[in-house]
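Colleague: Could you walk me through how to read this model, feature by feature?
Modeller: Gladly; let us have it in front of us before we start.

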Amino acid sequence: MTSIKEQAAISRLLSFLQEWDNAGKVTRSHILDKFIETNQGKTAPELEQEFSQGASLFLVRLTTSLRITYVTDSCLEKLLRSIGIFLSAVSSNRYLIEFLEVGGVLTLLEILGLEKIKEEAKKESVKLLQVIANSGRMYKELICESYGVRSIAEFLAKSKSEETQEEVQVLLDSLVHGNPKYQNQVYKGLIALLPCESPKAQQLSLQTLRTAQSIVGTTHPSIVDCVLKVLGTMHLEVQYEAIELIKDLVGYDVRQALLKGLVALLIPSVKETSKLQAKILSDPSVLQLTPSLPMFLQQAAAAKAIGVLARNDMSIAEELLYLRVVRGLMAAMGNMDHSNSQRLASLTLEMFPLVAEYVRKGMGEELYQLFLTAFRRTSWRPTKSMLPKPCASMAAPTAWTLSMARMIRLRWPTSHTSRRRMWNQRSNSSCGKPGRPRLRGREAWQQEGVWGQAQSHSTWLRGEDGD
């Protein structure tokens with residue numbers, strides 16, 4: 001026979017359960033508040049003692065209420081937190097099995113996909129999935145078999161709360177560890193997240209991809225294009241994570257494709273540039289957004305990534321030289337529409353000592369130093385005092401020197417309006433005195449010797465000098 005104390009405890013339990021069964025929404029909300037306050041952090045034996053060895057009876061009522069009312073979001077957050085007390089308790093394996101047997105995982109995953117449910121409730125759902133995943137390999141496989149990776153990844157891309165997104169990252173990281181059967185599925189899901197519109201989701205996906213890549217060991221063919229597209233972002237934290245992932249990927253079989261892709265980004269296609277230019281010219285209010293075009297952002301980020309790779313590994317620098325990276329960097333330095341591309345490309349060129357030496361010989365020491373200093377600050381145009389004198393004793397010009405000459409011509413004012421304004425200013429300053437003929441254009445430049453000096457220097461750069 002049971003003792004009087006046990007009978008009293010059982011009576012209190014039955015009274016509590018009856019109160020829950022007959023309560024409405026408001027009363028149940030108060031019951032859950034009290035339960036959370038008094039039982040947070042308790043172990044499974046303590047919960048059994050609290051409910052007179054009948055804690056499972058209350059857990060069944062919580063899971064039943066969850067499955068019935070989760071669509072209407074009635075006390076959903078409190079229900080999930082109460083269930084979490086049972087599942088996260090020490091020695092709670094019995095509670096976990098009872099929850100999974102009634103379809104708890106499918107319910108939690110379905111909560112993540114409903115738009116009407118509040119973000120706080122979805123966050124609690126993610127925490128419960130974390131508890132389940134951390135319980136062992138079998139439970140991780142159960143989540144993945146329930147199409148959990150897809151549901152979790154979609155929720156990460158759509159979530160508006162950074163705290164919730166960080167909790168999702170912890171869950172994905174847990175699923176990729178100790179889950180050899182489905183680790184490739186998680187890896188592909190992370191790659192699929194890279195094109196999403198949420199910068200925070202992109203950042204967290206890139207961080208987790210670095211871990212997943214080391215675990216999986218092999219690369220997916222689509223990862224190169226996805227990572228290179230992420231470089232077009234305006235968010236520096238996302239760009240940083242992308243470059244860190246690129247540093248890891250060069251150690252795998254996608255190294256050559258990755259380096260070719262980075263070099264290709266340095267020279268945007270004429271077709272894309274013309275399309276964007278046409279859209280900009282059609283709307284004057286959009287002219288201020290020119291420096292932020294994705295292709296220019298990709299160009300600047302690619303120049304930065306190339307500099308990082310070349311600095312860390314000289315063999316990569318040699319491969320990039322064979323891929324004609326200098327040509328691409330010179331083109332980026334001539335980008336008048338994006339000063340950051342110019343600055344980063346000039347800094348990256350300093351990583352190649354051989355190239356720097358040829359450029360120095362072709363430009364002259366004074367112009368070379370002014371060139372580096374000016375490009376680190378902003379765009380510039382050479383003046384009369386900067387033009388170096390041609391030196392016939394130097395070696396014959398090389399491809400690097402000719403590339404620099406072409407870049408200088410690109411940097412020179414090429415528009416008809418700018419050229420005419422400069423020639424007029426020269427004419428007014430030198431030939432505006434009374435009694436002297438007023439010269440314009442090339443005649444004024446020839447009178448001062450500037451045009452002849454520049455022409456002589458260009459002739460030497462092309463290798464047409466007679467000496």
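**Reading helix packing and burial**

Modeller: Let us begin with a pair of helices: the axes of α12 and α13 come within 9 Å and cross at roughly 150°. That angle makes α12 roughly antiparallel to α13, because values over 145 degrees fall in that class. Please keep in mind throughout that this is a predicted model.

Colleague: Thanks. What general description do you use for two packed helices?

Modeller: Two packed helices are described by the angle between their axes and the distance between the axes. Handedness can be added: α12 passes α13 in a left-handed crossing.

Colleague: Which residues in α12 and α13 meet?

Modeller: From α12 come Gln183, Asn184, Tyr187, Leu190, Ile191 and Leu193, and they meet Gln202, Ser205, Thr208, Leu209, Ala212, Gln213, Ile215 and Val216 in α13. Sorted by class, this contact of α12 with α13 has eight nonpolar residues, six polar and no charged.

Colleague: Why do residues three or four places apart in an α-helix point the same way?

Modeller: An α-helix has 3.6 residues a turn, so residues at that spacing point the same way. Now look at α12, which covers residues 183-193: its buried residues are Gln183, Val186, Tyr187, Gly189, Leu190, Ile191 and Leu193.

Colleague: Which helices do the buried residues of α12 pack against?

Modeller: They pack against α10 (148-158), α11 (162-176), α13 (199-216) and α14 (223-230).

Colleague: Let us follow α14, then. How many of the eight residues of α14 are buried?

Modeller: Six of the eight are buried, so α14 is largely enclosed by the rest of the structure. The buried residues in α14 are Ile223, Val224, Cys226, Val227, Leu228 and Val230. Their packing partners are α12, α13, α15 (236-249), α16 and α18.

Colleague: And is Lys229, in the helix α14, buried or exposed?

Modeller: Lys229 has its place in α14, and Lys229 is exposed, with a relative accessible area of 64%. Its C-alpha is also a good example of sequence distance against spatial distance: Lys229 and Gln298 are 69 residues apart in sequence, yet 7.5 Å apart in space, C-alpha to C-alpha.

Colleague: Gln298 takes us to α18. Are α16 and α18 parallel, antiparallel, perpendicular or oblique to each other?

Modeller: The axes of α16 (residues 255-265) and α18 (residues 294-312) come within 8 Å and cross at roughly 135°. The two helices are therefore oblique to each other. Their crossing is left-handed.

Colleague: Which residues make the meeting of α16 with α18?

Modeller: Leu259, Leu262, Val263 and Leu265 in α16 meet Gln298, Gln299, Ala302, Ala305, Ile306 and Leu309 in α18. The residues of this contact divide into eight nonpolar, two polar and no charged.

Colleague: Where is Arg327, and what is its relative accessibility?

Modeller: Arg327 is in helix α20 (residues 325-333). At 49% relative accessibility, Arg327 counts as partly exposed, because the exposed class starts over 50%. Arg327 and Ile267 are 60 residues apart in sequence and 8.8 Å apart in space, C-alpha to C-alpha.

Colleague: Let us turn to a charged residue in another helix. Is Glu141 buried or exposed?

Modeller: Glu141 lies in helix α9 (residues 137-145). Glu141 is buried, with a relative accessible area of 14%. Leaving aside neighbours within four places in sequence, Glu141 is in contact with Asn179, Lys181 and Tyr182.

Colleague: Now the loops. What is the phi of Ser52?

Modeller: Phi of Ser52 is near 55°, a positive value in a residue other than glycine. Ser52 lies in the loop between α3 (44-50) and α4 (55-69), and at 22% relative accessibility Ser52 counts as partly exposed. Tyr147 also belongs here: its phi is positive, about 60°, although Tyr147 is not a glycine. Tyr147 lies in the loop between α9 and α10 and is exposed, with a relative accessible area of 65%.

Colleague: To finish, how many helices and strands does the protein chain have?

Modeller: The chain comes to 27 helices and zero strands. Buried residues make up 45% of its 467 residues. Among contacts with a separation of 6 or more, residues 24 or more positions apart account for 70%. The chain exposes about 24600 Å², and carbon and sulfur atoms supply 53% of that area.

Methods
Residues are numbered from 1 along each chain as its sequence is written. This is a predicted model: local features need pLDDT of at least 70, side-chain atom pairs count only at pLDDT 80 or more; totals for chains, interfaces and linings use all residues. Side-chain values use heavy atoms; hydrogens and water are left out. Buried means under 20% relative accessible area, exposed over 50%, partly exposed in between (1.4 Å probe, protein chains only). Helices (H or I, at least four residues) and strands (E, at least two) are DSSP runs, numbered from the N terminus. Contact means heavy atoms within 4.5 Å. Axes are lines fitted to C-alpha atoms, for helices over the stretch in contact, and angles run from 0 to 180 degrees between N-to-C directions. Angles under 35 degrees count as roughly parallel, over 145 as roughly antiparallel, 65 to 115 as roughly perpendicular and the rest as oblique. A crossing is left-handed if the near helix is turned anticlockwise from the far one by less than a right angle, and right-handed if clockwise. Ala, Val, Leu, Ile, Met, Phe, Trp, Tyr, Cys and Pro count as nonpolar, Asp, Glu, Lys and Arg as charged, and the others, Gly among them, as polar. Accessible areas come from the Shrake-Rupley method with a 1.4 Å probe; for residues, only the protein chains shown count as cover.
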